[in-house]
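Welcome! Here is a short guided tour of one protein chain, written for someone meeting protein structures early on. Take a look at the sequence and the model first, then read on.

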Amino acid sequence: MMSELLPTRSSVNHDPVESRVVTLNENEQEIFAALHSKTAREIVALLYDKPMTPSELASRLDTSIQNVSHHLANLREIDLVAVVDSWYSEKGREMDVYATTTESLVVTIK
């Protein structure tokens with residue numbers, strides 16, 4: 001069987017930086033735009049707990065993989081999440097594993 005040939009999971013060696021501080025101003029509009037969606041905020045919250053694949057996130061959030069992928073692309077663009085590993089499904093399909101790039105995000109108003 002294919003699943004016996006490929007490891008389904010590897011140990012994710014992910015060391016995010018301690019924290020990221022952003023100030024509510026015109027220079028950080030893309031961060032707030034990406035986090036405007038409740039789904040995006042829920043994705044970030046889940047990824048702070050542990051790295052996950054888009055399908056795991058979709059299952060936990062009861063939404064489509066396409067919706068999760070859309071938000072992950074936006075979150076990657078602002079460097080809030082990143083691909084940290086690859087796992088294989090039982091069918092042998094390679095899946096990206098996402099995690100946050102920081103241990104915390106602090107938002108301030110200037």
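Let us start with one residue: His71 counts as buried, at 9% relative accessibility. Here buried means under 20% relative accessible area, exposed means over 50%, and partly exposed lies in between, with a 1.4 Å probe and protein chains only. His71 sits in helix α5. This is a predicted model, in which local features need pLDDT of at least 70 and side-chain atom pairs count only at pLDDT 80 or more, while totals for chains, interfaces and linings use all residues. Residues are numbered from 1 along each chain as its sequence is written, and side-chain values use heavy atoms, with hydrogens and water left out.

**The chain as a whole**

- The chain contains five helices and four strands; helices (H or I, at least four residues) and strands (E, at least two) are DSSP runs, numbered from the N terminus.
- Along the sequence, these elements come in the pattern α-β-α-α-α-α-β-β-β.
- Of the 110 residues in the chain, 30% are buried.
- Contacts (heavy atoms within 4.5 Å) often link distant parts of the sequence: among those between residues at least 6 apart, 61% join residues at least 24 apart.
- The chain has an accessible surface of about 7100 Å², and carbon and sulfur atoms account for 47% of it. Such areas come from the Shrake-Rupley method with a 1.4 Å probe, and for residues, only the protein chains shown count as cover.

**Helix α5, the home of His71**

- The 13 residues of α5 should span 18 Å at 1.5 Å a residue, and its end C-alpha atoms are 18 Å apart, which agrees. The expected span is 1.5 Å times one less than the number of residues.
- Which residues of α5 are buried? They are Val68, His71, Leu72 and Leu75.
- These buried residues cover an arc of only 105° around the axis, which puts them on the same side of α5. The arc is that of the directions from the helix axis to the C-beta atoms.
- As background, an α-helix has 3.6 residues a turn, so residues three or four places apart point the same way.
- On the other side of α5, Gln66 and Glu77 are exposed.
- The buried residues of α5 pack against α2, α3, α4, β2 and β3.
- Leaving out residues up to four places away in sequence, His71 touches Ser37, Thr39, Ala40 and Ile43.

**Helix α3, one of the partners of α5**

- Helix α3 runs over residues 38-49, twelve in number, and reaches 17 Å from its first C-alpha to its last, close to the 16 Å expected.
- Its buried residues are Thr39, Ala40, Ile43, Val44, Leu46 and Leu47.
- Why do we say that the buried residues of α3 line one face? Seen down the axis of α3, they fall within an arc of 165°, so they line one face of the helix.
- Lys38 and Asp49, on the other side of α3, are exposed.
- The cover over the buried residues of α3 includes α2 (29-34), α4 (54-61), α5 (65-77), β2 (81-88) and β3 (94-100).
- At the N-terminal end, Ser37 caps α3, with a side-chain oxygen 3.2 Å from the backbone nitrogen of Thr39.

**A charged pair on α3**

- Side chains of opposite charge can pair when their charged atoms come close.
- A salt bridge is a side-chain nitrogen of Lys or Arg within 4 Å of a carboxyl oxygen of Asp or Glu, and by this rule the count comes to one.
- Lys38 forms a salt bridge with Glu42, and their closest N and O atoms are 3.8 Å apart.
- Both residues lie in helix α3, four residues apart, about one turn of the helix.
- Lys38 is exposed, at a relative accessible area of 56%, and Glu42 is partly exposed, at 29%.

**Loops and a meeting across the sequence**

- Asp62, in the loop between α4 and α5, has a positive phi near 55° although it is a residue other than glycine. Asp62 is exposed, at 72% relative accessibility.
- Asp79, in the loop between α5 and β2, is not a glycine either, and has a positive phi of about 60°. Asp79 is partly exposed, with a relative accessible area of 46%.
- Glu30, in helix α2, is partly exposed at 44% relative accessibility.
- Glu30 and Glu77 are 47 residues apart in sequence and 8.9 Å apart in space, C-alpha to C-alpha.

Key:
Polar contact = N/O pair within 3.5 Å; in protein donor to acceptor, adjacent residues only side chain to side chain.
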